[in-house]
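Reader: I would like to learn how to read the packing and the open space of a model, feature by feature. Could you take me through one?

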Amino acid sequence: MELTTVRIDKPDDLNVIIGQAHFIKTVEDLHEALVGIGPHLRFGLAFCEASGPRLVRHSGNDDDLVELATKNAVAVGAGHSFIVFLREGYPVNVLNAVEHVPEVCGIFCATANAVDVLVAETELGRGIVGVVDGSAPLGVENADDQAARKQLLRQIGYKM
């Protein structure tokens with residue numbers, strides 16, 4: 001087995017969801033789930049087929065994001081993996097819908113952070129072992145940090 005790291009190529013402010021699914025229908029079902037979130041959401045997605053013609057299937061409503069998702073899916077090259085890039089929306093707004101797509105087996109990450117994908121390669125093919133999502137903690141929050149966190153959540157509208 002060979003273990004490699006693939007850095008997801010994306011702008012710093014773009015959100016990405018990386019997961020695993022199990023069927024060619026994943027592309028259409030993810031597309032439908034994301035379109036159902038609302039008309040403002042822009043997205044691109046790509047899915048690495050693991051059998052048959054083994055193509056990188058892609059879809060979305062933003063051509064730049066579709067191209068970026070496809071490029072990154074080719075770089076990862078892990079069977080049954082998918083990548084979704086989001087603009088004008090956040091993972092917190094779509095993750096439930098994505099997780100409820102019947103073909104989705106699991107989510108590795110949903111983030112705007114820099115992401116390294118850990119890929120294992122065997123004679124059979126490539127698979128995602130896990131991800132490195134951002135940097136390690138620098139400490140533990142104190143009372144002032146807690147107050148700032150709570151204020152931020154209210155300021156951006158996620159809490160009352």
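Author: What follows moves from the nonpolar cores to a helix, then to the cysteines and a pocket. The model is predicted, so local features need pLDDT of at least 70 and side-chain atom pairs count only at pLDDT 80 or more, while totals for chains, interfaces and linings use all residues. Residues are numbered from 1 along each chain as its sequence is written, and side-chain values use heavy atoms, with hydrogens and water left out.

Reader: Which residues touch the most other members of the largest nonpolar core?

Author: In soluble globular proteins, nonpolar side chains tend to be buried together. A nonpolar core here is a set of buried Ala, Val, Leu, Ile, Met, Phe, Trp, Tyr and Cys residues joined through side-chain atoms within 4.5 Å, where buried means under 20% relative accessible area, exposed over 50% and partly exposed in between (1.4 Å probe, protein chains only). The largest core has 20 residues, of which Ile 8, Ile 18, Val 76, Ile 83, Phe 85, Val 115 and Val 117 touch the most other members. Its largest share, five residues, comes from α2. A second, separate core of 17 residues includes Val 27, Leu 41, Val 98 and Val 101.

Reader: Which residues of helix α1 are buried?

Author: An α-helix has 3.6 residues a turn, so residues three or four places apart point the same way. Helices (H or I, at least four residues) and strands (E, at least two) are DSSP runs, numbered from the N terminus. In α1, residues 26-35, the buried ones are Thr 26, Val 27, Asp 29, Leu 30, Ala 33 and Leu 34.

Reader: Why does Cys 109 form no disulfide with Cys 48?

Author: A disulfide is a covalent bond between the sulfur atoms of two cysteines. The test is a pair of cysteine sulfur atoms within 2.5 Å, and the structure holds zero disulfides. Cys 109 lies in strand β6 and is buried, at 5% relative accessibility, but its sulfur is 14 Å from the closest cysteine sulfur, in Cys 48, which is too far for a bond. Cys 105, by contrast, is exposed at 53%.

Reader: How many residues of each class are in the lining of the largest pocket?

Author: The lining of the largest pocket has six nonpolar, five polar and three charged residues, where Ala, Val, Leu, Ile, Met, Phe, Trp, Tyr, Cys and Pro count as nonpolar, Asp, Glu, Lys and Arg as charged, and the others, Gly among them, as polar. A pocket is, on a 1 Å grid over the protein atoms alone, an open set of points where a 1.4 Å probe fits, with protein on both sides within 12 Å along at least five of seven lines, and lining residues have an atom within 4 Å of a point.
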